[in-house]
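Let's take a walk through a protein model together. Have the sequence and the 3D view ready, and turn the view as you read.

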Amino acid sequence: IAGVLLGLAFLSKYFAALLAIALACDVVLAPRGERPWRGLAVTFAGALPFVLLNLWWNYEHCWSNLMFNLYNRHEDAGLSWRSPLIYLLVLAYVLSPPAIAQLAGRNAAWRTWWSRRGLRFFAIACAVPLGAFLLLSAVRGVGLHWVLAFVPFFFMAAALALPAARLRQSLAYLGGFSLLHLALILAGSVLPVETWKFSRLYDGIVFHVRIAQVVRALESQRPEFEIAADGYSPAATASYYSGRYVFVFGAASSHARHDDLLTDFRALEGRNILVFRKSPPEPHDYEPYFRSVEYRSLELSGATFHLVLGRQFDYRAYREGVILPVLERYYRIPRYLPQGACIVCERYLGAHCPVRG
């Protein structure tokens, strides 16, 4: 059962592999007579079908998951002293500083703790993933949401290691800290949206708070125009609230590659396309791909959004200017991976994807 659940977790998020590594470390680091190798093998056997399913899906879909997680999202990676510091601040934020201090101050108890199987497991299940993220933070930023799946193991270990009186100190701190967040959220929810005009995120705030008006403005242009956005996040959000698919126009980022599987630009030849943008458009991003282009603005709560109305889409020009560079940048499959089906490369190249070194 544990293996099946681990396999399902892996299908949901690749970070579940860190839990699998933690399970293996727990067995390896256990006292010699307490190493349940058979149980570990059965657990991994239960997870294996789900891993194989994911590999098969990737083989048949351009290795999309692997390309995104191992290559495409790390283009800006590089050594940085700031990222590890920020990561340590994130840990201090999501954990309990009083509990950390109490655990650190009980050095003499570590040997006793290590002999307790449950406590040892929770400590390893916390330390292995968070330690891996610390190493990764040397070359790229680590998202707050990355660590949250492994935070409960810290509190489980602390609950087993610390006496009740010390746990109450941590509970009081976390209760007050949580109430502060709740108060800020409640205060923010009742303030007028215009309160946040000073923020550089204001256009994004308005987009989500006034999404009904945005969707209404976009849908009013159908059926004369097909509706698109210049990025995957606004496209996905508008799709959800409109109930009709909004595709991505332009190269966008690595996150937009899911749209490549769904949108066939060949079928849009000669059609009119409206592109929603939060930032002002650059004419060279649109005018080469339409017979005529019109620019409009949409004002909501003091934020300005931009509408690009392109008429008579030129697929061939778009293929040369956008699609082929996207294929070269995001679909260069590593040589060590066998190339199976890839609807994106087959659609636009009629062949396998480019090969990465």
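Which residues of helix α6 (residues 97-104) are buried? They are A99, Q102 and L103. Here, buried means under 20% relative accessible area, exposed means over 50%, and partly exposed lies in between, with a 1.4 Å probe and protein chains only. Helices (H or I, at least four residues) and strands (E, at least two) are DSSP runs, numbered from the N terminus. The buried residues of α6 lie on the same side of the helix, because they cover an arc of only 95° around the axis; the arc is that of the directions from the helix axis to the C-beta atoms. An α-helix has 3.6 residues a turn, so residues three or four places apart point the same way.

A word on what you are viewing: this is a predicted model, in which local features need pLDDT of at least 70 and side-chain atom pairs count only at pLDDT 80 or more, while totals for chains, interfaces and linings use all residues. Residues are numbered from 1 along each chain as its sequence is written, and side-chain values use heavy atoms, with hydrogens and water left out.

Now look inside. In soluble globular proteins, nonpolar side chains tend to be buried together. A nonpolar core is a set of buried Ala, Val, Leu, Ile, Met, Phe, Trp, Tyr and Cys residues joined through side-chain atoms within 4.5 Å. The largest one in this model has 32 residues, and F249, F265, I273, F313, Y318, Y331 and V344 touch the most other members. Two or more residues of this core come from each of α4 (64-70), β3 (273-277), β5 (303-313), α16 (315-330) and α17 (343-348). Helix α16 gives the most, with seven residues. Try finding F265: leaving aside neighbours within four places in sequence, F265 is in contact (heavy atoms within 4.5 Å) with F247, V248, F249, F313, Y315, Y318, I323 and Y348. Apart from this core lies another, of 26 residues, and A99 is among them, as are L119, V151 and L162.

Next, turn to the surface. There, I1, V4, L5, L8, L11, L53, W56 and W57 form a nonpolar patch with about 810 Å² of accessible area together. Such a patch is made of residues with over 30% relative accessible area and no salt bridge, with nonpolar side chains (Val, Leu, Ile, Met, Phe, Trp, Tyr) joined within 5 Å. Both α1 (2-12) and α3 (37-60) supply at least two residues each, and α1 gives the most, with four. One residue of α1 is L11, which counts as partly exposed because its relative accessibility is 36%.

What about charges? Side chains of opposite charge can pair when their charged atoms come close. A salt bridge is a side-chain nitrogen of Lys or Arg within 4 Å of a carboxyl oxygen of Asp or Glu, and by this rule the count comes to 13. In one of them, R120 pairs with D26, with the closest N and O atoms 3.9 Å apart. This pair links distant parts of the chain, since R120 is in helix α8 (residues 117-136) and D26 is in helix α2 (residues 16-29), 94 residues apart. Both R120 and D26 are buried. Another salt bridge joins E328 and R332 (3.5 Å, N to O). Here E328 is partly exposed at 44% relative accessibility, and R332 is partly exposed at 24%. Finally, E224, E294, R296 and R311 are joined into one network by salt bridges that share partners.

Methods:
Patch = residues over 30% accessible without salt bridge, like charges linked within 9 Å, V, L, I, M, F, W, Y side chains within 5 Å. Areas by Shrake-Rupley, 256 points an atom, 1.4 Å probe, with all protein chains shown as cover.
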